[in-house]
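Here is a short tour for anyone meeting this protein for the very first time. Take a look at the sequence and the model, then read on.

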Amino acid sequence: SRYQNIRCIAFNGMAADKLFRQHTLSTIAEFERYQLIRLPSTSPANASKNFQQKLIEWSSISNYLSLP
């Protein structure tokens, strides 16, 4: 596979997560090898969480990020 090092797929908000699951997830072979993480939307319309709360949740993907 071309992108065999991908371990996590993160979504910027609920809509992105929902659309991925509806339209893409079923087309991915061995999808269970991926960690799927829904992150809070960065949209200003998502005012239910402040910046600090969003930063903490977005930091959860740092373990999956690496530079070559």
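## Phenylalanine 20 and the core

Let's start with phenylalanine 20. Leaving aside residues up to four places away in sequence, phenylalanine 20 touches Ile9, Phe11, Leu25, Ile28 and Leu36. Keep in mind that this is a predicted model.

Phenylalanine 20 also belongs to the largest nonpolar core, a set of 5 residues: Ile9, Phe11, Phe20, Leu25 and Tyr34.

## The overall layout

Stepping back, the protein has 2 helices and 2 strands. Follow the sequence and you'll meet them in the pattern β-α-β-α. The C-alpha trace spans about 40 × 30 × 15 Å along its principal axes.

How much of the protein counts as buried? Of its 68 residues, the share is 21%. The protein exposes about 5,500 Å², and carbon and sulfur atoms supply 56% of that area. As for contacts between residues at least 6 apart in sequence, 59% of them join residues at least 24 apart.

## Two strands and a crossover

Strand E1 covers residues 8-12 and strand E2 covers residues 35-39; they run parallel, with 5 bridges joining them. To get from E1 to E2, the chain passes through helix H1, residues 14-23, and this β-α-β crossover is right-handed.

You can check the pairing residue by residue. Cysteine 8 stands opposite glutamine 35 in E2, while alanine 10 has isoleucine 37 as its bridge partner.

## Aspartate 17, tucked into H1

Now have a look at aspartate 17, which sits in helix H1. Is aspartate 17 buried or exposed? Its relative accessibility is 2%, so it counts as buried.

Which side chain does the side chain of aspartate 17 meet in a polar contact? That would be the one of arginine 38, at 2.8 Å. Not counting residues up to four places away in sequence, aspartate 17 touches Phe11 and Arg38. Phe11 is one of the residues of the largest nonpolar core.

## Asparagine 12, at the end of E1

Asparagine 12 is part of strand E1. With a relative accessible area of 39%, this residue is partly exposed, because the value falls between the 20% and 50% cut-offs.

The side chain of asparagine 12 reaches the backbone nitrogen of threonine 42 at 3.0 Å. These two residues are 30 apart along the chain, yet their C-alpha atoms are separated by 6.8 Å. Beyond residues up to four places away in sequence, asparagine 12 touches Leu39, Pro40, Ser41, Thr42 and Trp58.

## Lysine 54 in the second helix

Helix H2 runs over residues 51-58, and lysine 54 lies in it. You might wonder why lysine 54 is called buried. Its relative accessible area is 13%, and buried means under 20%, so the label applies.

Where does the side chain of lysine 54 reach? It comes to the backbone oxygen of serine 41, at 3.3 Å. Setting aside residues up to four places away in sequence, lysine 54 touches Pro40, Ser41, Thr42, Ser43, Asn46 and Lys49. Pro40, Ser41 and Thr42 turn up among the residues that asparagine 12 touches too. For a sense of distance across the model, the C-alpha atoms of lysine 54 and alanine 15 are separated by 16 Å, with their positions 39 residues apart along the chain.

Technical notes. Residues are numbered from 1 along each chain as its sequence is written. This is a predicted model: local features need pLDDT of at least 70, side-chain atom pairs count only at pLDDT 80 or more; totals for chains, interfaces and linings use all residues. Side-chain values use heavy atoms; hydrogens and water are left out. Two strands pair if DSSP finds at least two bridges between them. Helices (H or I, at least four residues) and strands (E, at least two) are DSSP runs, numbered from the N terminus. A crossover is right-handed if, with the strands pointing away from the viewer, the path from the first strand over the helix to the second runs clockwise. Buried means under 20% relative accessible area, exposed over 50%, partly exposed in between (1.4 Å probe, protein chains only). Contact means heavy atoms within 4.5 Å. A polar contact is a pair of N or O atoms within 3.5 Å; within protein, one must be able to donate a hydrogen and the other to accept it, and residues adjacent in sequence count only if both atoms are side-chain atoms. A nonpolar core is a set of buried Ala, Val, Leu, Ile, Met, Phe, Trp, Tyr and Cys residues joined through side-chain atoms within 4.5 Å. Accessible areas come from the Shrake-Rupley method with a 1.4 Å probe; for residues, only the protein chains shown count as cover.
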